[in-house]
Structure formats: C-alpha cells, structure tokens
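Okay, everyone, let me put today's structure up on the screen. I'll talk you through a few spots in it.

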Amino acid sequence: MTTVQATPTTLTGELETAHRQGVIAAGHGLQDAALGALRLTGAGVGVLAEAAVSSATPFLRAPLLSRIFNALRIHPMQGDEDGHCPTCRVPAPCLTAQELNP
C-alpha cells in the first residue's frame, strides 16, 4: 500500500494558524477573571484549551471544506472541454480555482 503525504498549502497553513489562534483565545477565556470562582489557572489550561479547540475543529472545518469542494466543482482547474471555466467564462484556471488550489 502506498502512503500519500499531503503537501502543505496556503489553505492548510491558514487552517493551522486559525487553530493555534483558537487555542490561544480559548486559553485566555478559561483564565478570564470574569469567570470568578470558575476561572482556571495553571499548566493544565493550555491542555484544556487545545482539547476544546481540537474537539470543535471538525465541526468548524467540515462546512468550510464542503464549500471549497463545491466551489471547485463549478470552477474546475482544467476548465471545460474548451479550456474555460464554466462559471466565469475565462480561460482556466480562473482566479477562484487558483485561489482554492495554491
């Protein structure tokens, strides 16, 4: 069986950056003084923040990835039989396809 390793793309990097930023925000939220007695402190905050964001990530990414897939269906990289984007009517790949396939 052949293993295929994904090549990092701009989108992958952006998703990972968003994940890291989410973990940072979750950590700050868990430590917010406005929580009063429920406020968390200590080394475990980072672990809890990572777990919270990781648990939510599939639910957040699935709709995004579905929309990207659907956009690529109507803006195919190779275009139609004439080599044009069937949606934009410009030579393929159109700007949308290029943005979605860095």
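**Two helices and a pocket**

So, α1 and α2 pack at an angle of about 140°, and their axes are 8 Å apart. That makes α1 oblique to α2. Oblique here is what's left once angles under 35 degrees (roughly parallel), over 145 (roughly antiparallel) and 65 to 115 (roughly perpendicular) are taken out. The helices are DSSP runs of H or I with at least four residues, numbered from the N terminus. Axes are lines fitted to C-alpha atoms over the stretch in contact, with angles from 0 to 180 degrees between N-to-C directions.

Quick background: this is a predicted model, where local features need pLDDT of at least 70, side-chain atom pairs need 80 or more, and totals for chains, interfaces and linings use all residues. Numbering starts from 1 along each chain, and side-chain values use heavy atoms, without hydrogens or water.

Who touches whom? From α1 we have, among them, Leu11, Leu15 and His19, meeting residues of α2 that include Val53, Thr57 and Leu64. Contact means heavy atoms within 4.5 Å.

Now the largest pocket, with a volume of about 170 Å³. On a 1 Å grid over the protein atoms alone, a pocket is an open set of points where a 1.4 Å probe fits, with protein on both sides within 12 Å along at least five of seven lines; lining residues have an atom within 4 Å of a point. The volume is the space filled by probe spheres set on those points, which are joined across faces, edges and corners. Which element gives the largest share of the lining? That's α2, with six residues. Leu15, His19, Val53 and Thr57 are among the lining residues.

Last, the loop between α2 and α3 holds Arg89 and Pro93. Arg89 isn't a glycine, yet has a positive phi of about 65°. The Ala92 to Pro93 peptide bond is cis, with omega near -5°.
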